[in-house]
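Biologist: I should like to learn how to read the features of a protein model, one at a time. May we work through an example together?

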Amino acid sequence: MSSGQQARAQAAAITPSAQSPDHEPVPGDRVRALFDGHRLSPGQRRIAQYLIDHLTEAAFLSITELAERVGVSQPSVTRFATSLGFSGYPALRDALQPIALSKVAGSPETREQFRHNELQAAVDAEIENLENVRRLLADTNQVLGIGRELARSVPLTVLGLRISVSLAEYFAYAARRIHPDVRLVTRGGSVAYDALLQSREAGGTWVLAFAMPRHAKETLSALKAARSAGLKIVLITDSTLGPLVDEADVALTAATGARLVFDSYAAPGMLSAALLQAMADADPERTQARLEGYEQVADQHGFFL
């Protein structure tokens, strides 16, 4: 084929898993299991997410240190622990420490033990975020199933507000090359509601939404509007807890890099690329035809150097 992008789409086609792999629960999943089934306040969700994201460090913090890191009071940490069924924070910490030690013991021995500066530490944190996405994609049946649903939704709405606009724009830009009708929503309020309603009336069935921190209230309103319009929601976000996840039919987690002044999005970007590949795999003939048509137009008009 003349297009390198077409060749890449074929070469990268996802192979369905024979069956869901039986892996030992990773430390992050073991920590999340402590929170399952418990109704947590917004402040308690912040504590829970900090423990998930910073397990190896957080499991050895004092109650004062943890409260300062999360930005809550010490009594809030105590109430969080008791709401999970522990006698107090020390008992919760005792439960977390073996999980944290197992994570350290299971890390690659070749990885540097010391970080030389904050920029390298930020890169290390992103590598860990990508490792989590790698584990998420272990069962390719899940991502292939989501890709098929998004490919079948005509039109397909892609939503991202405020800081999440860039991720939504990237996905929509790429998806338009392989999907006949992609509608991008980057404004909230009545504008988002009108766009979502029109998408449903035109035959759309799914919305792909991005929600990165800090999570905007208008994103939650848009997801509720999508649901009320009869659309199903795939959500790519950084957190496994909270009201945004509650509104989604499918929630995929990809953490942001938060070590520098502004967040970085290597993991959400990789997850987005995986979903695009799954959409391409869902209808290879349509994908090939659209990519060939795009290349012909681009060459005819000299779009690229």
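Modeller: The turns that follow take up aromatic pairs, cavities, strands and unusual backbone sites in this predicted model.

Biologist: How many aromatic pairs does the structure hold?

Modeller: The structure holds two aromatic pairs. In one of them, the ring centres of F35 and F80 are 5.7 Å apart and the planes meet at 50 degrees, so this pair is tilted. F35 belongs to helix 2 (residues 27-35) and F80 to helix 6 (residues 74-83), and the pair links parts of the chain 45 residues apart.

Biologist: Are F35 and F80 buried or exposed?

Modeller: A residue counts as buried when its relative accessible area is under 20%. F35 has a value of 3% and is therefore buried. F80, at 0%, is buried as well.

Biologist: What can be said of the pair formed by F171 and F210?

Modeller: The pair of F171 and F210 is also tilted, with 6.1 Å from centre to centre and 55 degrees between the planes. F171 lies in helix 10 (residues 165-175) and F210 in strand 3 (residues 206-211), so the pair ties together parts 39 residues apart in sequence. F171 is buried, at 0% relative accessible area, and F210 is buried at 0% too.

Biologist: How does one look for empty space inside a model, and how many cavities of 30 Å³ or more are found here?

Modeller: Rolling a probe the size of a water molecule over the atoms shows where empty space is left. In this structure, a search of the whole model finds two cavities of 30 Å³ or more. The largest has a volume of about 50 Å³. Its lining includes F210, R162 and R214. By class, that lining has six nonpolar, three polar and two charged residues.

Biologist: Which element gives the most to the lining of the second largest cavity?

Modeller: Helix 9 (residues 140-152) gives the most, with three residues. The second largest cavity holds about 40 Å³ of space, and L136, D139 and L271 are among the residues that line it. Six nonpolar, one polar and one charged residues make up this lining.

Biologist: How should I read the strands, and which way do strand 3 and strand 4 run?

Modeller: One examines the bridges that join neighbouring strands. Strand 3 and strand 4 run parallel and are joined by six bridges; W206, for instance, has K232 in strand 4 as its bridge partner. Strand 4 (residues 232-237) is also joined to strand 5 (residues 250-253) by four bridges, and these two run parallel. There, V234 has V250 as its bridge partner. Five of the six residues of strand 4 are buried, so the strand is mostly covered.

Biologist: Which helix takes part in the β-α-β unit with strand 3 and strand 4?

Modeller: Helix 12 (residues 217-228) does, and the unit is right-handed.

Biologist: Where are the cis peptide bonds?

Modeller: One joins V154 and P155, with omega about 5 degrees; P155 sits in the loop between helix 9 and strand 1. Another joins P213 and R214, with omega about -5 degrees. R214 is in the loop between strand 3 and helix 12, and R214 is also one of the residues lining the largest cavity.

Biologist: What is phi of R162, and is this residue buried or exposed?

Modeller: Phi of R162 is near 55 degrees, a positive value in a residue other than glycine. R162 is in the loop between strand 1 and helix 10. With 62% relative accessibility, R162 counts as exposed.

Definitions and conventions
Residues numbered from 1 in each chain as written. Predicted model: local features only at pLDDT ≥ 70, side-chain atom pairs only at ≥ 80, totals over all residues. Heavy atoms only, no water. Phe/Tyr/Trp six-rings, centres within 6.5 Å; stacked < 30°, edge-to-face > 60°. Buried < 20%, exposed > 50% of the residue type's maximum accessible area, 1.4 Å probe, protein only. 1 Å grid on protein atoms, 1.4 Å probe; cavity = no way out; pocket = protein on both sides within 12 Å on 5 of 7 lines; lining within 4 Å. Points joined across faces, edges and corners; volume = space filled by probe spheres on them. Nonpolar A, V, L, I, M, F, W, Y, C, P; charged D, E, K, R; others polar. Pairing = 2+ DSSP bridges. Right-handed = clockwise from strand over helix to strand, strands pointing away.
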